[in-house]
Amino acid sequence: MSGVTGDRNGAARPSQGRMLRGCALALWLILATAFNFTLGIFEGHDELPHFLAADRIAQDRALPRLDSATIAYSHELTQPPLYYALVALVIGPLDRSDLREEAFLNPRPNDGLGYDHTRDELRWPPERAILALRVAREVSVGLGAATLLLLGAAATLLTGSNRT
């Protein structure tokens with residue numbers, strides 16, 4: 001089935017299932033992007049080690065050698081590298097020279113925040129390492145959207161219907 005039905009005049013229109021999938025995808029993109037720009041930098045669980053893994057691949061322009069110095073930089077470098085390589089391709093051209101300044105641990109750990117936040121992360125448009133982090137997060141948003149699309153396609157194949 002094509003996923004398109006006709007109206008009274010014979011004009012093609014998307015099926016209800018296809019419209020629902022499109023709405024779910026749009027909602028995902030809006031909410032995930034809003035989350036990207038409202039969550040403080042490096043406050044996501046394990047975000048700094050994951051970002052450091054992509055940063056190292058972008059710096060070296062190669063997959064890392066797994067030695068003690070590399071693992072000390074980010075333990076996430078021991079994971080399969082596809083995601084990190086993809087993020088590295090996207091953030092590679094961006095200036096990340098202030099990354100160590102932005103990834104400063106909070107000296108007041110009892111306030112519930114892992115990292116000390118500065119006004120730089122609120123600046124619009126974002127710059128340097130903060131821009132690279134926001135772009136890396138949008139790569140994740142795009143991968144999430146691709147997952148939703150593939151789930152919709154799989155549901156259609158499994159049910160043999162385009163109403164899913």
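# Why these terms apply: helix α6 and its partners

Modeller: The buried residues of α6 pack against α1, α2 (47-60), α4 (82-91) and α5. The model is predicted.

Colleague: Which residues of α6 are buried?

Modeller: The buried residues of α6 are Ala129, Ile130, Ala132, Leu133, Arg134, Ala136, Arg137, Val139, Val141, Gly144, Ala145 and Gly152.

Colleague: What span does α6 reach, and what is expected for its number of residues?

Modeller: Helix α6 has 32 residues and reaches 47 Å from its first C-alpha to its last. At 1.5 Å a residue, 46 Å is expected, and the computed span is close to that value. Just after α6, Gly160 takes a positive phi of about 70°.

Colleague: Why is Arg137 called buried or exposed?

Modeller: The relative accessible area of Arg137 is 9%. The limit for a buried residue is under 20%, so Arg137 is buried.

Colleague: What makes the contact between Arg137 and Glu47 a salt bridge?

Modeller: The N to O distance between the two side chains is 2.5 Å. The cut-off is 4 Å between a side-chain nitrogen of Lys or Arg and a carboxyl oxygen of Asp or Glu, and the pair therefore qualifies. Side chains of opposite charge can pair when their charged atoms come close. Arg137 belongs to helix α6 and Glu47 to helix α2, 90 residues apart.

Colleague: Why is Glu47 assigned to the buried or the exposed class?

Modeller: Glu47 has a relative accessible area of 13%. That value is under 20%, so Glu47 is classed as buried.

Colleague: With which residues is Glu47 in contact, leaving aside its neighbours within four places in sequence?

Modeller: On that basis, Glu47 is in contact with Gly40, Ile41, Phe42, Leu133 and Arg137. Glu47 and Leu133 are 86 residues apart in sequence, yet their C-alpha atoms are 9.3 Å apart in space.

Colleague: How do you know that Arg96 and Asp55 form a salt bridge?

Modeller: Their side chains meet at 2.4 Å, N to O. This lies within the 4 Å cut-off, so the pair is a salt bridge. Arg96 lies in the loop between α4 and α5 and Asp55 in helix α2, so the pair ties together parts that are 41 residues apart in sequence.

Colleague: Why are Arg96 and Asp55 called buried or exposed?

Modeller: Arg96 has 13% relative accessibility and Asp55 has 3%. Each value is under 20%, so Arg96 and Asp55 both count as buried.

Colleague: What makes Glu127 and Arg128 a salt bridge?

Modeller: The closest N and O atoms of Glu127 and Arg128 are 3.3 Å apart. That distance is within 4 Å, and the definition is therefore met. Salt bridges with shared partners join Asp98, Glu127 and Arg128 into one network. The structure holds four salt bridges.

Colleague: Why are Glu127 and Arg128 placed in their accessibility class?

Modeller: The relative accessibility is 35% for Glu127 and 33% for Arg128. Buried requires under 20% and exposed over 50%, so Glu127 and Arg128 are both partly exposed.

Colleague: How many aromatic pairs does a search of the whole structure find?

Modeller: The search finds three aromatic pairs. One of them is Phe37 with Trp124.

Colleague: Why is the pair of Phe37 and Trp124 called stacked, tilted or edge-to-face?

Modeller: The ring centres of Phe37 and Trp124 are 5.5 Å apart, with the planes at 70°. The centres lie within 6.5 Å and the angle is over 60 degrees, so the pair is edge-to-face. Phe37 is in helix α1 (residues 16-38) and Trp124 is in the loop between α5 (99-102) and α6 (128-159), 87 residues apart.

Colleague: What accessibility do Phe37 and Trp124 have?

Modeller: Phe37 has a relative accessible area of 35%, between the limits of 20% and 50%, and is therefore partly exposed. Trp124 has 66%, which is over 50%, so Trp124 is exposed.

Colleague: Which residues of the largest nonpolar core touch the most other members?

Modeller: Of the 23 residues in this core, Phe42, Phe51, Val87, Ile91 and Leu99 touch the most other members. At least two core residues come from each of α2, α4 and α6. The largest share, seven residues, comes from α2.

Colleague: What pattern of helices and strands does the protein follow along the sequence?

Modeller: The pattern is β-β-α-α-α-α-α-α, with six helices and two strands. Of the 164 residues, 32% are buried.

Terms used. Residues are numbered from 1 along each chain as its sequence is written. This is a predicted model: local features need pLDDT of at least 70, side-chain atom pairs count only at pLDDT 80 or more; totals for chains, interfaces and linings use all residues. Side-chain values use heavy atoms; hydrogens and water are left out. Rings of Phe, Tyr and Trp (its six-membered ring) pair if their centres lie within 6.5 Å; planes under 30 degrees apart count as stacked, over 60 as edge-to-face and the rest as tilted. Helices (H or I, at least four residues) and strands (E, at least two) are DSSP runs, numbered from the N terminus. Buried means under 20% relative accessible area, exposed over 50%, partly exposed in between (1.4 Å probe, protein chains only). The expected span of a helix is 1.5 Å times one less than its number of residues. Contact means heavy atoms within 4.5 Å. A nonpolar core is a set of buried Ala, Val, Leu, Ile, Met, Phe, Trp, Tyr and Cys residues joined through side-chain atoms within 4.5 Å.
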